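The exercises below are meant for a reader who meets this protein for the first time. Please keep the sequence and the model in view while working through them.

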Amino acid sequence: MTIPENAFDLVVIGSGIAGQTAATSAAEAGLRVVLLEKTDSLGGSSAMSGGWFAFSGTAEQQELGIEDSDDLFLSDLLEGGAHLNDRSLLEAYLANQRDAYDWLKGHGTAFREAEISSGQSARRGHNAPIKEVLASLHEAYRAAGGETWLSARATRLLRDVTGHVTGAVVHTPAGEQTVSGRGGVVLATGGFSRGTDLLRIFAPEQLAAIPYGGRGNTGDGLKMAWKLGAGLADMSFVSGTYGSHPETGEEFHELLTAYYMGAIIVNRDGRRFVDESLDYKELGRVVLDQPDGLGFEVFDAKVRAQSHPGIPLKDIDLLEEIGHVHRADTLEELARIAGIDAEALTRTVARYNDAVAGAAEDEQGRTHLCNGVGDLLPVDTAPFYAYPAKSLMTTTYCGVTVNPSAQVLDVDGDVIQGLYAIGEVTGGFHGASYMTGTSLGKGTVFGRIVARHVAGALAAARPGTAARGATRTTEGMPR
């Protein structure tokens, strides 16, 4: 049988961790896959991220003596999401996280450390050099016969007479083309951190944050699914992430969370305005109301000594080296250099230190370093440091509704047959807020789930026949 031009078993739109995982897993299962990337380079927002994956029960945690469990992980997700998450998605994540973790390690991923961060009450953030991870997965995809189109923007989804999504219209350098997927289409197009039109609709206040994320993150996938009647979830919780220098560029992931290491956050008036232990999305919302949308992470030599060179969120060395961290021998001199009210800063630090010592109540109600974990440290050991930071619009963490198989649901909760969505284009998983590592984590977990679901459906539709008429089947795709 002759296969029509541009006919595949699966069409994957978007090449971040979610799309790359789905494409690689499907190709390794024997499916004929095309991976469409809107820009001229692979990776999307994932390639610009800090490389954190959230997993529990790992070898890294065991080696470090970290106490964690799936139950605690679930509790943290629900608490962070204000119990507005779709619990079925969380349970699917937890049930499949070991498969995703093992699969990544099987493709050469080396997790450099396990640390605690936003929304976590145990050290379950696993860091990896994300660009290397993506490159390794793409190489495996190519080796399995996967096809990649760059500068290929999908603009419209196609359906057959029964309503099944069967492909997409794609603008390419060679002109408009159509691609079809016998097993359907996967939207892994990211969010709309660069989509000012959607931000104006759903989160106009966030236009004041520094724009970031993949250049292709303008909401294309969300719009295409929305046009077909897809439901939406978590649209009211869009927020930037606090902790990026006002001059942050796209060269590397500049985000410092010294406040989870012991720093306080003050505004230009030298006043604290928030409990620094809150998740960095909530901090990102609050800082927008401060003068110039700016908050200074103020810390001392004890926190400075905790810098983790080469590790995003904790690499103070690099930020000081490029001139983004101010340093002085006294708080008064630090305030003068950074442009903070000096008298107010010294009073604020004195009150904070009194609270840490138990001599007074903390004015912002802070009791721990991060999400109820970690003892507070006084800011009292010279030299002193200040990192000016704003809210960075990295990700939107909301979007189309999906079921645990990552099938897109319409506004009535019915499956839109043939249409899948994974990663940042989806809503329902995070609820009101976000836990560090669950973006790359859910991209990997649900990318694996989609590949397994499609491979199984195609095998069931044509018993005994592999996707390409070859000998490979869905073996190696754990149930």
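Five exercises follow, each with a worked solution.

This is a predicted model, in which local features need pLDDT of at least 70 and side-chain atom pairs count only at pLDDT 80 or more, while totals for chains, interfaces and linings use all residues. Residues are numbered from 1 along each chain as its sequence is written, and side-chain values use heavy atoms, with hydrogens and water left out.

**Exercise 1. Confidence and annotation**

Determine what the mean pLDDT of the protein chain is, and over which residues pLDDT stays under 50.

Solution. Step one: pLDDT is the predictor's confidence in each residue, from 0 to 100. The chain has a mean of 94, and 96% of its residues reach 70 or more. Step two: the stretch with pLDDT under 50 is residues 465-479, for which the model has 33 contacts beyond four places in sequence; contact means heavy atoms within 4.5 Å. Where pLDDT is low, the predicted coordinates should not be read in detail. Step three: an unreviewed UniProt entry annotates residues 9-440 as "domain: FAD-dependent oxidoreductase 2 FAD-binding". UniProt positions are given in the numbering used here, feature names are shortened, and annotations may be inferred rather than shown by experiment. The span of residues 9-440 is 28% helix and 20% strand, and its end C-alpha atoms lie 25 Å apart.

**Exercise 2. A sheet of four strands**

Establish the order of the strands in the open sheet of 4 strands, and state which of them stand at the edges.

Solution. Step one: helices (H or I, at least four residues) and strands (E, at least two) are DSSP runs, numbered from the N terminus, and two strands pair if DSSP finds at least two bridges between them. Step two: the order is E1-E10-E9-E8, with mixed pairing. Strand E1 (7-8) and strand E8 (153-159) each have a single partner strand, so one side of each is left without a neighbour in the sheet. Step three: take the pairs in turn.

- E1 and strand E10 (residues 175-181) are parallel, with 2 bridges; Ala7 faces Ser180 of E10.
- E9 and E10 are antiparallel and joined by 6 bridges; Val169 has Thr178 in E10 as its bridge partner. These two strands form a hairpin with 2 residues between them.
- E8 and strand E9 (residues 165-172) are antiparallel, also with 6 bridges; Leu157 stands opposite Ala168 in E9.

**Exercise 3. The second largest pocket**

Describe the volume and the lining of the second largest pocket.

Solution. Step one: on a 1 Å grid over the protein atoms alone, a pocket is an open set of points with protein on both sides within 12 Å along at least five of seven lines, whereas a cavity is a set of points where a 1.4 Å probe fits but cannot get out; lining residues have an atom within 4 Å of a point. Grid points are joined across faces, edges and corners, and a volume is the space filled by probe spheres set on the points. Step two: the second largest pocket holds about 320 Å³. Its lining has 22 residues, and those closest to its centre are Glu79, Gly80, Gly119, Asp279 and Ser433. Step three: helix H3 (70-80) and helix H8 (280-287) are the elements that give two or more residues to this lining, and H3 supplies the largest share, 4 residues. Step four: by class, the lining has 7 nonpolar, 9 polar and 6 charged residues. Ala, Val, Leu, Ile, Met, Phe, Trp, Tyr, Cys and Pro count as nonpolar, Asp, Glu, Lys and Arg as charged, and the others, Gly among them, as polar.

**Exercise 4. Enclosed cavities**

Find how many cavities of 30 Å³ or more the whole structure has.

Solution. Step one: the search finds 2. Step two: the largest cavity has a volume of about 70 Å³, and its lining comprises 7 nonpolar, 3 polar and 1 charged residues. Among the lining residues are Leu89, Val402, Lys442 and Phe446. Step three: the second largest cavity has a volume of about 60 Å³. Its lining includes Phe237, Lys281, Arg285 and Tyr434, and divides into 4 nonpolar, 4 polar and 2 charged residues.

**Exercise 5. Backbone exceptions**

Identify which residues a cis peptide bond joins.

Solution. Step one: most residues other than glycine have a negative phi, and most peptide bonds are trans. Step two: the cis bond joins Ala382 and Pro383, with omega about -5 degrees. Pro383 lies in the loop between helix H12 (342-356) and strand E18 (384-393). Step three: His83 has a positive phi, near 60 degrees, and belongs to the loop between H3 and helix H4 (87-106).
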